[in-house]
Amino acid sequence: MALSDEELERYARHIVLREVGGPGQARLAAARVLVVGAGGLGSPVILYLAAAGIGTLGIVDFDHVTLSNLQRQIAHRTADVGRLKTASAGDMAQAINPNVRIEPHAARLVAGNALDLLGRYDIVADGSDNFATRFLVNDACFFAGKTLVSAAVTEFDGQLATFKAHDRSSGYPCYRCLFPEPPPPGTAPSCSETGVLGAAAGVMGTLQALEVLKEILGIGESLAGKLVIYEALATRFRTVRVKPDPACRLCGTNPAIRDLTQRG
């Protein structure tokens, strides 16, 4: 795909990178990425992917912008309070790069629509803020054969990982290999209860966008099989290796979960 003069100027700092160049920029333009959640994590993911020249960005979020979101959810402005997050984040992304195609999905992601929705995209970035959605996205990506880049943040700490368990030959784990089951209802406090430093969400969302770009471009070292842990108060990153769990209910040797209706 030939780049226009406008694209050559817009993406000049990418194109001079030996690892990206014109062919890499063309891969970004052809890519379809689904971002689950347009909040503290999804906001920087959406904006950086749009700026990078991702051709199509799907945004899944059923929520509306509130004033309390603006401390960390940088894809929304004060004037957006009351609007659907898919609409305001999409507008902000296109303000940065009008070449990106936005596909808003203003609906709750559930077992009944997850496979169809995820199946339309090449790669998924999960920035959801609850365990039910994280497990659903993991399971759906496994069955749909999609790479998942997942991040989480709470208070001053964050986690980041890439999951490719659908590639059986890779020997990589899925999210359930780390966390077999969601915690019981009421045992895991929400962001509204514990708080979160806005810039910490920005760090994790930016790293998440970077890993999505690396996967699309096929450059660098994938985070698959690893978990990055960020401690903001100590300014410390740790990376731990994660092996697949043979007893995993989803990707193990004798899986109990064979479709999204059997998740329990």
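This is a short presentation on the cores, the enclosed spaces and several individual residues of one protein chain.

Good morning. The model under discussion is predicted, and I shall begin with its interior.

The largest nonpolar core comprises 36 residues. Those with the most contacts inside this core are Val33, Ile46, Leu49, Ile54, Leu57, Val212 and Ile216. Both strands and helices contribute. The strands that give two or more residues to the core are E1 (32-36), E2 (56-60), E4 (123-126), E5 (147-154) and E7 (226-231). The helices that do so are H4 (42-52), H5 (85-96) and H10 (198-217).

Let us take Val33 as a point of entry. Which residues does Val33 touch, leaving aside those up to four places away in sequence? Its contacts are Leu49, Ile54, Thr56, Leu57, Gly58, Tyr121, Ile123, Val212 and Ile216. Of these partners, Leu49, Ile54, Leu57, Val212 and Ile216 are also listed among the core residues with the most contacts.

Apart from this core lies another, of 23 residues. Among its members are Tyr121, Val137, Leu148 and Tyr175. Tyr121, a member of this other core, is also one of the residues touched by Val33.

I turn next to two buried residues with polar side chains. Gln208 sits in helix H10. Is Gln208 buried or exposed? Its relative accessibility is 0%, and therefore Gln208 counts as buried. What does its side chain meet there? A polar atom of that side chain lies 3.0 Å from the backbone oxygen of Val149. Beyond residues up to four places away in sequence, Gln208 touches Leu41, Val45, Ala125, Asp126, Gly127, Val149, Ser150, Ala151 and Leu160.

Asp126, one of the residues touched by Gln208, leads us to Ser128. The side chains of Asp126 and Ser128 are joined by a polar contact of 2.8 Å. Ser128 belongs to the loop between E4 and H7. Its relative accessible area is 8%, so this loop residue is buried. With residues up to four places away in sequence set aside, Ser128 touches Val36, Thr133 and Arg134.

Helix H3 (residues 21-30) also has a buried side to consider. Its buried residues are Gly21, Gly24, Gln25, Ala26 and Leu28. What covers them? The covering elements include helix H2 (12-15), H4 and H10.

H2, H4 and H10 appear together once more, in the second largest pocket, where each supplies at least two residues of the lining. This pocket has a volume of about 190 Å³. Its lining consists of Arg10, Tyr11, Arg13, His14, Tyr48, Ala51, Ala52, Thr206, Ala209, Leu210 and Leu213. Which element gives the largest share of this lining? That is H10, with 4 residues. By class, the lining has 7 nonpolar, 2 polar and 2 charged residues.

From an open space we pass to an enclosed one. Rolling a probe the size of a water molecule over the atoms shows where empty space is left. The structure holds 1 cavity of 30 Å³ or more, and the volume of the largest cavity is about 50 Å³. Around it are Asn138, Cys141, Phe142, Lys146, Leu148, Phe163, Lys164, Ala165, His166 and Cys174. Helix H7 (residues 131-144) gives the most to this lining, namely 3 residues. The lining residues divide into 6 nonpolar, 2 polar and 2 charged. Leu148, part of the cavity lining, is also a member of the core of 23 residues.

Two residues deserve a remark on backbone geometry. Glu155 has a phi near 50°, a positive value in a residue other than glycine. Its place is in the loop between E5 and strand E6 (157-163). With a relative accessible area of 36%, Glu155 is partly exposed. Thr235 likewise is not a glycine, and its phi is positive, at about 50°. Thr235 lies in the loop between E7 and strand E8 (236-241). Its relative accessibility is 65%, and so Thr235 counts as exposed.

I close with Asp116, in helix H6 (residues 111-118). Its side chain makes a polar contact of 2.6 Å with the side chain of Arg120. How far is the C-alpha atom of Asp116 from that of Arg13? The separation is 36 Å, for two residues 103 apart along the chain. Arg13 is one of the residues lining the second largest pocket.

Thank you.

Technical notes
Residues numbered from 1 in each chain as written. Predicted model: local features only at pLDDT ≥ 70, side-chain atom pairs only at ≥ 80, totals over all residues. Heavy atoms only, no water. Core = buried A, V, L, I, M, F, W, Y, C linked by side-chain atoms within 4.5 Å. Buried < 20%, exposed > 50% of the residue type's maximum accessible area, 1.4 Å probe, protein only. Contact = heavy atoms within 4.5 Å. 1 Å grid on protein atoms, 1.4 Å probe; cavity = no way out; pocket = protein on both sides within 12 Å on 5 of 7 lines; lining within 4 Å. Points joined across faces, edges and corners; volume = space filled by probe spheres on them. Nonpolar A, V, L, I, M, F, W, Y, C, P; charged D, E, K, R; others polar. Polar contact = N/O pair within 3.5 Å; in protein donor to acceptor, adjacent residues only side chain to side chain.
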